[in-house]
Amino acid sequence: MSVRDAEELEALLGDPADDANPYGFAAAVGRDERDAFPAEFCAELARAGFHLNYLPKEWGGTFEAFDRSLTLVRSAARRDVNIMPGTMFSIIAATCLQLHGSVEQQQLAAEVLRGGGAVGFALTESAHGSDLLANEVALSADGVLDGEKWMVGLGLRCEAVYVVARTGARGPGAFSAVLLDLRDVPAGQLERLPAAATNGMRGIDLARLRFTGLRVPDGARVGREGEGLEAAVKAQQAVRLMSMAGSLGIADSAVRIALDFAAVRKVGRAVLASSPWPRRELSVAAAALLAADVSALTAARGVHVVPEAFSVWAPAAKHVVAESCEELVRRAGAVLATRSVLREGEGGAGLFQKLQRDTAVVRVIDASTLANLKSYAGQVPTLSEGGAAAADPEALSAVFALDAGLPAYEPERLDMFARGADPVLAALPDAAAEVSAALAADPSAAPVAALVEELAAAVAGLGGLTRAARGPGADPNALVDAAERYAWLHAAGCAVHLWRANRDRSLYGTEPGSAGWLGAVLGYLLARADGTDPRRRGAVLEPALDAALALRESGLLFTALPVRLASNRREES
């Protein structure tokens, strides 16, 4: 059996608000209190073939497209984000093997993963963190592996592990990869130890793997010597999509809890949802949620169409999704007030505290905020240079028209560095002109048209920003700051392209062609790009809250296209 879509998964897992549901919120909070791995939940998903949704069909999987997998994972993650690493930590090792593994190595991984097992990914080390070039775990010339890897996902239980080890003196080419079948490792050569416990995503299997004179078997080397780090960096671009799904799952539950509370809690005669201050906080939270959805959804489609640009698209989307979701959890907590810090009680108490802790971990699970931005900052100087091919209108139409079919995912087309302009921003001037003209026909859409024009002007100024960041006497943080501005404006560009390509269909439950959600998303993203408080954008954010309230009332996931949730199915049955 394999679940085909998120609605089918929702029906299978039932109403998460039911305290008796083993796949619901109460069970997740209980596991969190015990630091327990979600073994039963993962097993149920394995029976449903959930774990096959990121495996290529030639490996016996059911993967079709990342936008589908993204929605499936966020549907599960809204119940407990631990499901994402609990079932999908192996995606990075699998992607590395797709990139440069032998047929035999791919077959080994496929066999393990089809059976519901795990293939670990051992890259980072405690002493060096994101400074990968300083890693010390070494593979000697005669094939002996020594040293300790840190924070290996599912490391205590994985049947195989992909290890990136030092085989040279310096530089990115000093690292090679091996795939080890841990079922055959002699005693004493490998020790598995729990990693330090995390404050959020409690109970997840994170391990230290200590290699002591481990003799690497013939045929274990993956690809050529010196390409291990390159393959790992490329593979992490796909991994960021799944971490975004985790952030969105948390965000869905956090906003839903706040809206449920605000719909019934009264201050005087008015419910919170209609009182000025809570409504403003909820509007920011809802706009941040829609901005995160736009960023993740379009990235999940973009990796199929322009994977060559994903070295900039992935970190931009990761930054926007992680930071937006962190902010919306904080805004939702402000509305919940005391209930946001309670471990017990009705109305999401206990669960909300788990969400707060979990979002802090998901934010850094595949790269810290700084490491993610630095990977982007190194490419910023190329983004304002040519690249007309990057703005191919047919390619962009395939990304943003949500009813358009996607080409097959080709991981071998991923690159470590962008070879031209960001395709989203390169094509923005024409898109912005068309959208502004379309909005001009509706006087009520004038504020949105003004935001589109503001975005176009901000994008036009990015070249000068980049040159200044590289100029004599520039602030040492200037390139990282420029990368962050690029990221927020990239997401805003995605929103404009998305509206333009789907004017004839309903997005976020609004009427086809409605510009309210677009204005809210642009208002939020432009504020973040400028480093100002989004609340200062005022009423332009409110349509995002109206959309979120309507989606909640209809029992739908907070995403562009409708996904009916289990709770609503139950009410209708």
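Contact here means heavy atoms within 4.5 Å. The model shown in these views is predicted.

**View 1. Helix α3 has a buried side and an exposed side.**
Helix α3 spans residues 39-47. Its buried residues are Phe41, Cys42, Glu44 and Leu45. These four cover an arc of only 160 degrees around the axis, so they sit on the same side of α3. Glu40 and Arg47 lie on the other side, and they are exposed. What do the buried residues of α3 pack against? They pack against four helices: α1 (6-13), α2 (25-34), α4 (66-77) and α5 (83-88).

**View 2. Positive phi values occur on the way into and out of α3.**
Asp35 belongs to the loop between α2 and α3. Its phi is near 55 degrees, which is positive in a residue other than glycine. Most residues other than glycine have a negative phi. Asp35 is partly exposed, because its relative accessibility is 45%. Just after α3 comes Gly49, with a positive phi of about 75 degrees.

**View 3. Met201 has a positive phi in a loop between two strands.**
Look for Met201 between β6 (190-194) and β7 (206-215). Phi of Met201 is near 50 degrees, again a positive value in a residue other than glycine. Is Met201 buried or exposed? Met201 is buried, because its relative accessible area is 2%.

**View 4. The largest nonpolar core has 202 residues.**
Tyr162, Leu180 and Trp517 have the most contacts inside this core. Helix α8 (residues 228-264) supplies the largest share, 20 residues. In soluble globular proteins, nonpolar side chains tend to be buried together.

**View 5. Cys96 and Cys494 are in no disulfide.**
How many disulfides does a search of the whole structure find? The search finds zero. For Cys96, the nearest cysteine sulfur is that of Cys158, 14 Å away. A disulfide needs the two sulfur atoms within 2.5 Å, so Cys96 and Cys158 do not form one. Cys96 has 0% relative accessibility, so it counts as buried. For Cys494, the nearest cysteine sulfur belongs to Cys325 and is 15 Å away. Cys494 also counts as buried, because its relative accessibility is 1%.

**View 6. Helices α9 and α19 pack at an angle of about 75 degrees.**
Helix α9 covers residues 276-305, and helix α19 covers residues 478-501. Their axes are 9 Å apart. The angle makes α9 roughly perpendicular to α19, because 65 to 115 degrees counts as roughly perpendicular. From α9, the contact is made by Val294, Ser295 and Thr298. From α19, it is made by Ala491, Cys494, Ala495 and Leu498.

**View 7. Ser295 is a buried residue of helix α9.**
Ser295 has 3% relative accessibility, so it counts as buried. Which residues does Ser295 touch, not counting those up to four places away in sequence? They are Ala317, Val320, Val321 and Ala491. Ala491 is one of the α19 residues in the contact with α9.

**View 8. Thr359 is buried in helix α11.**
Helix α11 runs over residues 351-362. Thr359 counts as buried because its relative accessible area is 6%, and buried means under 20%. Leaving out residues up to four places away in sequence, Thr359 touches Ile250, Cys325, Glu326 and Val329. Cys325 also carries the cysteine sulfur nearest to that of Cys494.

Methods
Residues numbered from 1 in each chain as written. Predicted model: local features only at pLDDT ≥ 70, side-chain atom pairs only at ≥ 80, totals over all residues. Heavy atoms only, no water. Buried < 20%, exposed > 50% of the residue type's maximum accessible area, 1.4 Å probe, protein only. Arc of directions from axis to C-beta. Core = buried A, V, L, I, M, F, W, Y, C linked by side-chain atoms within 4.5 Å. Axes fitted to C-alpha atoms, helices over the stretch in contact; angles between N-to-C directions. Parallel < 35°, antiparallel > 145°, perpendicular 65-115°, else oblique.
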